[in-house]
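The report below is meant to be read alongside the sequence and the coordinates. Please keep both at hand while following the text.

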Amino acid sequence: MTTTTNSHETMDLERLGAAWRIAAAPLARRIVVCAGTGCVANGALAVHAALKQALETAGIHVVLDLRAEEAGAACPAAGRPGVRLSGSGCHGFCQMGPLVTVLPEHILYTRVKPADAAEIVDTTLVRGGLVERLLYRDDAATAPCHGPGDIPFYSRQARTVLAGCGELDPEDIREYIAGGGYHAAYKVLTTMTPEAVCAEMLASGLRGRGGGGFPTGRKWELTRKQPGARKIIICNGDEGDPGAFMDRSVMEGNPHRVLEGMLIAARAIGAGEGVVYVRAEYPLAVKRVRQAVIDATALGILGPRALGTDIPFVVEVMEGAGAFVCGEETALIASIEGKRGMPTPKPPFPAESGLWGCPTVINNVETLATVPLVLAGGAAAFRTLGTAGSPGTKTFALTGHVRNTGLIEVPFGTTLRHIVFAVGGGVTDSSGAADPAGFKAVQIGGPSGGCLTPAHLDLPLDFDSLKTVGAMIGSGGLVVMNRQTCMVNVAHFFMQFTQNESCGKCVPCREGTKQLLAMLDDIIEGRADAGVLDRLEKLARVVQLSSLCGLGKTAPNPVLSTLRHFRQEYEEHVLHKHCATGQCKALRKPEILAAKCVGCTACVRKCPVAAIHGERKQAHRIDPALCIRCGACVTACKFNAITGV
Amino acid sequence: MQNTVTSKPAVPVLTLNGRSVELGGERNLLELIRKAGIDLPTFCYHSELSVYGACRLCLVEIEGRGIQASCAVTPEAGLKVRTDTADLREIRRTNIELLLASHHQGCTTCGKSAACRLLELARRLGVDTVRFTARRPPAPLDLTSPALVRDPNKCVLCGDCVRFCHEIQGIGAIDFAHRGSAAAVVPAFNRGLGEVECVHCGQCARVCPTGAIMPRSEEEPVWKALQDPGKTVVAQIAPAVRVALGETLGLAPGEDTTGRLSAAMRRLGFAKVYDTAFTADLTVIEEAEEYLRRRAAGFAGPMFTSCCPAWVRYSELAASDLLPRLSSCRSPQQMFGALARDLLPKQLGVAPENLVVVSIMPCTAKKYEAGRAEFAHNGRRDLDAVLTTQELAHMIQGAGVRFSELVPEPLDMPFACTSGAGLLFGASGGVSEAVLRYAAAKLSGGAAPAANYGAADGTAARREVTVTVNEIRLRLGMVYGLREAQEILKEVRAGTCEYDLIEVMACPGGCVGGAGQPVPAGPETTARRACGLRHAAAAAPLHGAQDNPFITKLYQEHLGEPGGPRAHKLLHTKYQTRRRLGKSDGLPLIHGQDVGRVKVSVCLGTSCHLRGSQKVLRGLAKALEERGLAERVELTGAFCHERCDRGPAVTVNGQVFDHCTAELALAQVEAALAVATGA
Amino acid sequence: MSAAATIKGSRQFDAACAILDRFGRNPTRLIPILQALQEEYRYLPGELLAYVATALGVPPARVYGVATFYAHFTLAPRGKYVIRLCDGTACHVKNSIPILEALRQRLGLTAERKTTPDLLFTVETVSCLGACGLAPVVVINDQVHGQVTPEHAVALVEEIIAREKPAAA
């Protein structure tokens with residue numbers, strides 16, 4: 001194997017990292033406030049400010065920016081002990097936020113309010129104790145958990161891609177370097193040929209995390225072999241699956257990891273430029289990635305001589321404008337080119353003719369964030385996690401009716417049971433209380449995916465196993481649904497989504513999803529005839545087979561999958577006009593229980609459509625034909641006599 | 001030789017429905033399949049346009065690749081392709097059904113039903129029921145264009161019109177808007193076609209597979225006039241009409257139907273049927289004389305023809321700087337209109353108000369042209385109505401006239417005598433050929449032999465021909481499609497264009513490919529029509545315009561000298577720049593509240609923009625603010641004062657000032673304020 | 001009307017020109033240009049889009065097509081407070097729709113009529129803000145509110161109304 005020779009002096013990442021470590025050394029303690037979207041929404045910035053104030057009040061030297069410390073390192077007064085206070089990206093445990101971590105002990109305080117700051121400073125930083133009431137408890141009976149090490153939500157995961165998210169300051173490139181960041185890219189740029197990089201990726205078996213699971217190495221190799229001097233790498237951060245936020249967390253929590261992955265990919269295919277396309281709904285991710293590009297360019301990691309080599313690589317950040325279909329490769333390219341995000345037929349594939357007509361690789365955020373791991377440790381090490389066909393780990397956004405919602409990372413091949421019950425802490429009912437027997441289904445892969453049922457709880461999740469049961473990993477949204485959830489309603493929700501997000505170009509997707517939605521409307525409104533399920537299934541199949549792009553081809557999946565596993569529920573809706581969960585409003589059968597009704601007429605007076613009749617002090621009756629199921633009577637009734645509304 | 005065993009050179013083949021098919025360099029699998037005799041249905045594939053891949057009808061199953069749109073697949077040797085699997089049939093039928101479900105289903109009353117691709121495919125694929133119900137909310141008809149009617153309820157969103165307007169005409173007057181089930185093809189800001197930069201070429205209607213865009217019918221007023229005993233209805237027939245009309249009446253494209261056409265029209269009640277080719281001869285003389293005069297006066301660089309109304313409108317909208325290069329000659333249609341009004345009442349003994357003049361044109365833009373203000377006098381248009389070839393065919397059918405059985409009748413004199421050159425006007429290059437024939441005769445003093453210069457022979461979108469007569473070299477450029485014309489405009493602007501005269505036609509192949517001609521028609525049909533015209537021209541006894549005795553007589557008796565004052569009045573016109581978007585409120589900048597405030601608007605249209613109107617607007621706003629005059633003015637950025645050749649234009653209380661700067665504008669505003677204060 | 005309001009259009013136009021310049025008047029940068037313009041004007045007036053088309057040298061229909069394709073662009077004026085309700089899967093299964101219904105009912109809005117006549121509120125849904133851990137989520141301007149109930153959402157609106165219209169309250 002030949003190596004790239006370099007006449008120039010390449011960048012000394014070791015020196016940069018060492019400088020940061022020296023600056024950080026006197027600061028024995030560090031407080032990390034989670035500054036991900038979830039925690040910020042819950043008031044993390046106020047907590048950060050309160051902690052700063054409390055530390056200063058306690059007379060503790062607070063360091064907010066290590067670069068200032070570095071600059072002062074030359075003068076003798078510098079390096080005095082103190083506490084570093086920084087923000088981090090998303091931990092994934094958003095529902096417990098704002099989260100505050102104290103290092104080096106790894107104490108994790110949850111649901112921290114600004115008012116708690118003084119106590120944290122006094123108890124933990126000054127006296128070395130624990131603020132017990134802010135610690136996480138798995139349930140009221142057990143002892144409080146000290147930190148991620150003994151919180152099941154964290155301890156039962158395998159965090160590699162997300163490793164940095166949670167402690168690392170995403171806005172400090174030096175900290176990333178000090179932790180070994182950009183070293184893999186450096187190795188690739190200075191010692192490996194493009195062929196070798198592609199070979200290593202192929203050997204690792206890494207598959208694209210964004211949907212289909214196409215082998216990343218093969219994608220790169222195809223593009224590398226294309227003629228043409230100008231090639232482009234696009235990082236697809238247009239994570240549009242409703243219920244998924246893995247890529248958001250990675251971009252917010254560890255943006256340099258993504259850039260490093262792009263740099264490696266660029267070397268592999270011979271690209272001199274890259275574009276990060278970030279979904280517009282993620283303003284914080286946009287900000288962090290933009291800052292990361294500025295910082296990396298300032299240090300010369302990106303630029304005409306990336307990492308000091310002869311290899312140029314520049315990166316531009318573009319914000320999406322709100323179109324799910326732009327997650328599709330050709331639509332994404334159209335959008336970057338300033339057009340309507342409408343997919344184009346493949347061939348030509350982006351690898352042949354992509355952005356501006358140049359050979360283009362499009363990888364999703366998580367894939368690119370995994371790339372440095374593969375190159376740093378080698379393909380063999382990467383393969384130690386996951387399954388033979390799907391090596392490595394996968395992040396999932398675990399949401400819905402589960403005790404611990406949030407961002408998780410587990411090796412491929414982990415069972416659904418482990419995720420829902422061990423990591424997720426089990427199923428909850430709609431009021432949020434534990435419901436150990438409540439598991440009904442998991443919707444995986446968002447609007448392109450399908451559902452998994454109790455029968456699949458022990459299925460090891462990977463790209464191939466999911467295909468066999470009519471689902472897909474998609475980008476990794478995992479929504480747990482309890483027995484109070486109507487599956488027809490779920491299918492309707494996703495169909496509404498794809499119908500809204502269809503670009504309108506090809507006939508089956510534009511017209512087909514509209515008709516599928518209309519049929520689902522009929523079913524949940526109680527208008528459907530007996531033939532509807534047959535029509536639904538047939539049309540869904542045509543849309544699947546004949547749509548132009550991935551959005552259309554996968555749009556019917558939620559319908560087909562719920563039909564497959566919950567056909568009986570559909571039939572109940574269609575044939576008996578009955579929804580067992582009561583979620584389908586129009587199918588509810590309002591009734592006044594004569595035994596409970598005292599004839600107080602409160603409901604009669606509240607009913608806006610005069611659907612309730614009855615004499616005073618006699619049991620009332622409700623006319624289901626007139627009733628609009630508004631629920632006003634239920635609220636008015638003091639005797640719980642009205643059901644089905 | 002019989003003994004030698006020759007191995008055939010290996011022709012690459014693929015397997016189509018189990019049979020071997022040779023590859024012949026086809027651009028895509030669809031073309032190959034069609035060449036192999038299987039007419040795979042499509043809405044969105046046109047050989048003239050880019051591949052779009054949206055209708056999902058040309059799907060095929062390729063072994064190892066699954067279901068693919070054949071229009072987007074490059075043929076490769078060894079592919080195993082099927083076009084007829086159960087899945088594919090189901091998909092095609094379902095997709096048609098889906099389109100029908102949200103389509104306005106008034107097929108029996110739709111003007112397109114005879115040529116509607118959707119209807120045809122529904123029949124062909126045996127769609128006998130529509131299982132789906134969800135419709136889209138009805139949208140109003142767009143009746144703003146004088147040439148076209150847009151019915152969004154019939155649109156299947158194949159995008160053919162969008163791509164034609166953009167790729168071939170380089171205009172982009174219509175585009176997709178919104179998305180998903182709300183997606184629609186609309187002009188900018190959902191305005192009407194008549195309120196945007198549409199040039200009315202109607203090619204969108206020609207490529208539309210359904211009736212979503214159709215030529216605007218004027219059949220009713222014509223019927224009404226024909227049935228009015230007090231009216232005398234005369235008609236002119238454009239050259240391209242005669243070689244296409246037969247297509248809808250059971251004849252082949254290119255067949256010259258002139259005789260039957262005139263017979264049929266007389267049966268419909270037309271008093272006289274004349275030939276537009278006659279005024280084409282007149283146009284040639286006027287245009288050639290105009291060019292020679294300009295050349296003699298030292299006018300450098302090319303002159304453009306002005307026969308094509310879509311091209312004229314395009315120039316007025318987007319090439320105001322080149323308007324001086326546009327021939328001032330009216331089109332043959334409008335020359336006929338002027339002569340008809342001038343001569344026919346006397347000739348036919350009809351009161352002027354009872355003379356109804358109708359054009360039969362291959363073109364939708366002619367409808368627009370006939371309505372231009374300069375072609376009306378005392379409130380009466382020179383041409384009362386313009387019918388397309390399609391409309392005339394429809395009227396003939398409607399009257400029950402058996403066209404193919406008619407005995408040919410001659411056209412009416414004197415406007416029936418035409419040269420072959422005049423007939424060629426209907427094909428791209430024909431105007432150039434006619435001009436060359438006239439110029440050669442003129443420059444040689446009549447000594448040049450009657451040659452055919454071949455200008456109308458080619459089919460390429462851009463061609464040229466050079467002829468030297470008496471050491472004078474004439475170099476003519478010919479182009480069709482407005483995008484191609486824009487390329488020439490760039491060269492003219494850059495000063496690198498060496499043509500003397502440039503013939504521009506908006507439609508592919510010239511007028512024979514016009515949007516008023518029978519549909520559907522591809523490039524092959526257009527070529528056959530052009531061929532028909534060339535045959536007719538070759539058979540014509542007169543070679544060039546100069547040979548036409550009736551033209552000579554017309555000049556002697558009525559018009560005087562070519563290009564003289566009388567000819568100028570009747571046969572020439574003027575152009576003006578026009579705004580691309582209809583009236584708008586403008587972008588408000590300063591919103592003063594004083595009662596007597598001065599209203600100021602600075603043009604932000606393209607031409608003024610290029611001349612720096614943005615600077616004028618900002619400079620003026622700044623100056624007004626600095627002087628504390630903000631409350632006393634209402635300042636807006638407006639869209640086009642139609643003085644594009646004199647911008648930046650600024651309007652102060654209704655008065656327009658050309659070539660304005662911020663300083664000049666400020667002075668005008670201050671003057672207006674002084675008047676207001678004084679009053 | 002205040003002096004600032006009188007010349008607001010002038011300031012905005014200056015900003016619009018600066019935005020066009022910042023992107024080099026490059027038609028391929030149409031989307032970021034529209035994003036920046038919307039930031040400035042809070043919506044995209046038709047006249048502005050016509051000017052963008054002129055300045056970039058592209059057909060107005062194309063600018064209109066792009067502006068209507070992406071959900072983030074709005075061609076109608078929006079309220080001072082834009083309330084975005086997340087209707088991603090996680091929020092949906094945690095009952096986001098009743099929140100939407102409550103907000104619409106309180107403000108007299110519908111799926112078609114998204115902005116109150118006094119231009120104080122706009123209520124719209126978005127498909128996932130990526131804050132699924134806090135479901136259901138409501139965002140008012142840039143302020144994220146997690147684990148919202150219909151009552152809570154209406155209370156937030158009441159709070160704003162009380163602040164904006166002290167006299168009426």
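What follows treats chain B as a whole, then one of its helices, then a contact between chains, and lastly the domains of chain C.

This is a predicted model, in which local features need pLDDT of at least 70 and side-chain atom pairs count only at pLDDT 80 or more, while totals for chains, interfaces and linings use all residues. Residues are numbered from 1 along each chain as its sequence is written, chains are lettered from A and ligands numbered from 1 in the order in which they are written, and side-chain values use heavy atoms, with hydrogens and water left out.

**Chain B overall**

Chain B contains 22 helices and 24 strands, these being DSSP runs numbered from the N terminus, with H or I over at least four residues for a helix and E over at least two for a strand. The values for the whole chain are collected here.

| Property of chain B | Value |
|---|---|
| Span of the C-alpha trace along its principal axes | about 100 × 65 × 60 Å |
| Share of the 679 residues counted as buried | 61% |
| Exposed area | about 26600 Å² |
| Part of that area supplied by carbon and sulfur atoms | 53% |

Buried means under 20% relative accessible area, exposed over 50%, and partly exposed in between, with a 1.4 Å probe and protein chains only; the areas come from the Shrake-Rupley method with a 1.4 Å probe. The radius of gyration of chain B is 28 Å, which agrees with the value near 26 Å for a compact globule of 679 residues, the rule being 2.2 Å times the number of residues to the power 0.38, taken over C-alpha atoms.

**Helix α9(B)**

Helix α9 of chain B covers residues 276–296, and its end C-alpha atoms are 30 Å apart, in agreement with the 30 Å that its 21 residues should span at 1.5 Å a residue, where the rise multiplies one less than the number of residues. Of those 21 residues, 18 are buried. The N-terminal end is capped by D275(B), with a side-chain oxygen 2.9 Å from the backbone nitrogen of A277(B), and just after the helix G298(B) takes a positive phi of about 90°.

**E511(A) and chain B**

E511(A), found in helix α20 (residues 507–525) of chain A, counts as buried because its relative accessibility is 3%. Leaving aside neighbours within four places in sequence, E511(A) is in contact (heavy atoms within 4.5 Å) with L98(B), L99(B) and S102(B). The side chains of E511(A) and S102(B) are joined by a polar contact of 2.8 Å, a term for N or O atoms within 3.5 Å, of which, within protein, one must be able to donate a hydrogen and the other to accept it, and residues adjacent in sequence count only if both atoms are side-chain atoms.

**Chain C**

The domain assignment, automatic or from a database, gives chain C a domain 1 (3–69) and a domain 2 (81–164), with C-alpha centres 28 Å apart.
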